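Trainee: I should be grateful for a close look at a single part of this model, set in the context of the chain as a whole. Please take me through it in one connected account.

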Amino acid sequence: MTAWLAHWRDWRDFLAVARLDLAEVLRSRWLVICLGFYAALAAAFLLVGLRESNVLGFTGMNRVLFSMTHALVLLLPLFGLAFTGQVINRARAEGALEWLLSQPLRPGRYLAAITASRSLALALPLVAMLFCIGALGAWAGGQPAAWSLIARSAALCTALLWAASALGIAISVHVQSPARAMIYVIAAWALGVALLDFGVIGLLLSWRMEPRAVFALALANPVEAVRIALLSALEPELAVLGPVGFWVANRLGPGMSLALGLAWPVLFGALAFALALHRFRRGDLV
C-alpha cells in the first residue's frame, strides 16, 4: 500500500509539473508558432505537389509527403533543440527552479515532466497535421490517402523530435548561461545537418577515410538515419543517394532501414536524457 501511494504521488507530481510547463508553452506562444509553421509548410507542399501531380503525372500524395518530410527532417531538429535548449538554465536564472524544487518534488520527476511536455507539444501537432494532409489530399485531390506512408512518416518524425528535444534538455542542464546554450543548440543542429550525404562524402574525399567508417558516421547521425528510413519508403533502391544508397539498400533493406530510423533516434534521445538526469540530480541546481 505504501509503495502504491508513493507511486501515485510521483505520478501526480509528474502531471502537475507537465501542466505547469504546458501553460508556460501556451503563454509563450511556442505552440502557436509550431502550428503556424506546420500549417504553412503543409499548405505550400499540398498546393505545389498536387498541382504538379496533375500536370506531370506524379503520384501526388506520395510526392507531397516525400517532399515535406524531407524538409522536416532538416527543420525538426532545430525546433526540438531550440524549444528545450534554454528551459532549465532559464528557470535557474529566474529563480523558478529553486522555488519548484523547494516543494516536495523529486528532481527526476521534474526533468521527466518538462521533457515529456515539450516533446509532446512539438510532436502532437505534427502528427495531426500529417493525418490531416492525408484526409485533405484524398478529399481535394481525388487520390487515395497513403495511410501507411503517413504513419511511417509520423513515427519517424516523432522519433527525431524526441532525440532533438532530449539533446536540448541535456544542453540546458549542462550549460548554465542561456545565451551560451543557444550557441550550443545552433552548433548541434549545424553538425547534424552537415553530417548528411554531402558532409560524409566530403570527409571521404578529403581525409581518405575508409568507406565503412563513413557509412558508420552517417548512420550514427539520427538525422541521417531518419532520412534514409523515409527515402526507403518510396524508393527501396535508394538510387537518389547514388553509391551510398545502393550500398545501404543492399545491406539494410527497407525493413531494416525503418527499424534503424526508429530505434536509433529513440535510443539517442534516451541516452541524452539519462546524461541530463544524472547531471541534474548530482549537480548544483540553483
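Mentor: Let us take the charged pair in helix 11 as the part to examine. Both Arg227 and Glu224 are buried in this predicted model, each falling under the 20% relative accessible area that marks a buried residue. The two residues belong to helix 11, which runs over residues 222–234, and they are three residues apart, about one turn of the helix. Side chains of opposite charge can pair when their charged atoms come close. Here the closest N and O atoms of Arg227 and Glu224 are 3.7 Å apart, and the pair counts as a salt bridge because the cut-off is 4 Å. The count for the model comes to one salt bridge.

The setting of this pair is a helical chain. The protein chain has 13 helices and zero strands, so its pattern along the sequence is α throughout, given that helices and strands are taken as DSSP runs. Of its 286 residues, 45% are buried. Among contacts with a separation of 6 or more, 78% join residues 24 or more positions apart. The accessible surface comes to about 14700 Å², and carbon and sulfur atoms account for 68% of that area.

Helix 7 offers a second view of burial. This helix covers residues 147–174, 28 residues in all, and reaches 40 Å from its first C-alpha to its last, close to the 40 Å expected at 1.5 Å a residue. Because 20 of its 28 residues are buried, helix 7 is largely enclosed by the rest of the structure.

A buried polar residue, Asn89, may be followed in the same way. Asn89 is found in helix 4, residues 87–94, and it counts as buried because its relative accessibility is 0%. Leaving aside residues up to four places away in sequence, Asn89 touches Ser172, Val175, Gln176, Ser177, Pro178 and Ala181.

Finally, confidence should be weighed region by region. The mean pLDDT of the protein chain is 75, with 70% of its residues at 70 or more. Confidence is highest in helix 7, at a mean of 88, and lowest in helix 12, residues 243–251, at 59. Over residues 53–58 pLDDT stays under 50, and the model has seven contacts beyond four places in sequence for that stretch.

Note on methods: Residues numbered from 1 in each chain as written. Predicted model: local features only at pLDDT ≥ 70, side-chain atom pairs only at ≥ 80, totals over all residues. Heavy atoms only, no water. Salt bridge = Lys/Arg side-chain N within 4 Å of Asp/Glu carboxyl O. Helix = DSSP H or I, 4+ residues; strand = E, 2+ residues; numbered from the N terminus. Buried < 20%, exposed > 50% of the residue type's maximum accessible area, 1.4 Å probe, protein only. Contact = heavy atoms within 4.5 Å. Expected span 1.5 Å × (residues − 1). pLDDT = per-residue confidence, 0-100. Areas by Shrake-Rupley, 256 points an atom, 1.4 Å probe, with all protein chains shown as cover.
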